[in-house]
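Biologist: I would like to learn how to read a model like this one, feature by feature. Could we go through it together?

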Amino acid sequence: MLITSIVALAVSSLFEDYHWSVYSTLGLSLGLSLVISGNLLAHLKPETLVLVYNKLKTVINK
C-alpha cells in the first residue's frame, strides 16, 4: 500500500539527520493511520459499505 512512502521517509530522515520529536511522531502516526484507513475503506465492496451504513444508522437513531 504505502511501503514506498515509508521507505522514502526512513531513508530521508537517516541521510538528512532529521531528529524526531514527540509532535512529529504523533503527526506521522496520525497521518499513516488516516491513509491506511482510507485505503481500507476504498477497497471495501459497495455491499459491505451499505450494510455498515444501515447498521450505523439504526444505532444512531435509537
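Biologist: Where is the place of aspartate 17?

Modeller: Keep in mind as we go that this is a predicted model. Aspartate 17 sits in the loop between H1 and H2. Its phi angle is near 55°, a positive value in a residue other than glycine.

Biologist: Is aspartate 17 buried or exposed?

Modeller: To judge that, compare the relative accessible area with the cut-offs: under 20% is buried, over 50% is exposed, and in between is partly exposed. Aspartate 17 has 52%, so it counts as exposed.

Biologist: Thanks, that helps. Let me try serine 13: which helix is serine 13 found in, and what does its side chain reach?

Modeller: Serine 13 belongs to helix H1, which covers residues 3-15. For a polar side chain, look for a partner atom: here the side chain of serine 13 reaches the backbone oxygen of alanine 10 at 2.9 Å.

Biologist: And why does serine 13 count as buried?

Modeller: Serine 13 counts as buried because its relative accessible area is 14%, and the cut-off for buried is under 20%. Leaving aside residues up to four places away in sequence, serine 13 touches Tyr18 and Trp20.

Biologist: Which residues form a nonpolar patch on the surface?

Modeller: The patch consists of Ile3, Ile6, Val7, Val11, Leu14 and Phe15, with about 650 Å² of accessible area together. Take valine 11 as one example: it is placed in helix H1 and is partly exposed, with a relative accessible area of 37%.

Biologist: Now for the record. Where does UniProt place the feature "transmembrane region"?

Modeller: An unreviewed UniProt entry places it at residues 20-42. It is good to set an annotation beside the model's own geometry: this span is 91% helix and 0% strand, and its end C-alpha atoms lie 31 Å apart.

Biologist: Which helix does serine 24 lie in, and which backbone atom lies 2.9 Å from a polar atom of its side chain?

Modeller: Serine 24 is in helix H2, residues 22-42. The atom you want is the backbone nitrogen of serine 21. Serine 24 also counts as buried, because its relative accessibility is 17%.

Biologist: One last case: what does the side chain of threonine 58 reach?

Modeller: The side chain of threonine 58 reaches the backbone oxygen of lysine 55 at 2.7 Å. Threonine 58 is in helix H3, residues 46-61. With a relative accessible area of 46%, threonine 58 is partly exposed.

Technical notes. Residues numbered from 1 in each chain as written. Predicted model: local features only at pLDDT ≥ 70, side-chain atom pairs only at ≥ 80, totals over all residues. Heavy atoms only, no water. Helix = DSSP H or I, 4+ residues; strand = E, 2+ residues; numbered from the N terminus. Buried < 20%, exposed > 50% of the residue type's maximum accessible area, 1.4 Å probe, protein only. Polar contact = N/O pair within 3.5 Å; in protein donor to acceptor, adjacent residues only side chain to side chain. Contact = heavy atoms within 4.5 Å. UniProt positions renumbered as here; feature names shortened; annotations may be inferred. Patch = residues over 30% accessible without salt bridge, like charges linked within 9 Å, V, L, I, M, F, W, Y side chains within 5 Å. Areas by Shrake-Rupley, 256 points an atom, 1.4 Å probe, with all protein chains shown as cover. Salt bridge = Lys/Arg side-chain N within 4 Å of Asp/Glu carboxyl O.
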